[in-house]
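Subject: Structure handover, aromatic contacts

Hello,

Here is the structure for your files. My notes on the aromatic side chains follow below it.

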Amino acid sequence: MIDFKKMIENESVEDVLLFFAPKRSYPDIDRIYVRYSFEVAAKRELLISFQRLIKEGKLAKNEKGHAIKGPYWQEPVFVTEKRYGIE
């Protein structure tokens, strides 16, 4: 089971978005931040980072508007190291 709390506390917003955005909807990710790091959601840092990642090509949107991996997407280090219960 993934330890969301530690991930949110220890990793950058960008890295968390790169991991979650292709798998979960933006509202799901927002709820995780509201629960574990409300300040990030309240200051709109999450939304601004999400929009920036799309602009930079690290994330993209499909025809239905869902986030997918962009041409410049790279797997975050915490994922390759399998931290927080990631398999």
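Is Phe19 buried or exposed? The model is a predicted one, and in it Phe19 has a relative accessibility of 5%, so this residue counts as buried, the cut-off for that being under 20%.

The search for ring pairs gave five aromatic pairs. One of them joins Phe19 and Phe78: the ring centres are 5.8 Å apart and the planes meet at 70°, so this pair is edge-to-face, a label that needs an angle over 60 degrees. Phe19 belongs to helix H2 (residues 13-20) and Phe78 to helix H6 (residues 77-80), so that the contact links distant parts of the chain, 59 residues apart.

Phe78 is buried as well, with a relative accessible area of 1%. Its ring also pairs with that of Tyr84; here the centres lie 5.8 Å apart and the planes are at 65°, so Phe78 and Tyr84 are edge-to-face too. For Tyr84 the relative accessible area is 14%, which means that Tyr84 is buried.

These residues belong to one aromatic cluster, formed by Phe4, Phe19, Phe20, Phe78 and Tyr84.

A further item concerns a charge and a ring. The charged end of Lys69 is placed over the ring of Trp73, at 4.3 Å from the ring centre.

Regards

Notes: Residues numbered from 1 in each chain as written. Predicted model: local features only at pLDDT ≥ 70, side-chain atom pairs only at ≥ 80, totals over all residues. Heavy atoms only, no water. Phe/Tyr/Trp six-rings, centres within 6.5 Å; stacked < 30°, edge-to-face > 60°. Helix = DSSP H or I, 4+ residues; strand = E, 2+ residues; numbered from the N terminus. Buried < 20%, exposed > 50% of the residue type's maximum accessible area, 1.4 Å probe, protein only. Lys NZ or Arg CZ within 6 Å of the ring centre and 35° of its normal.
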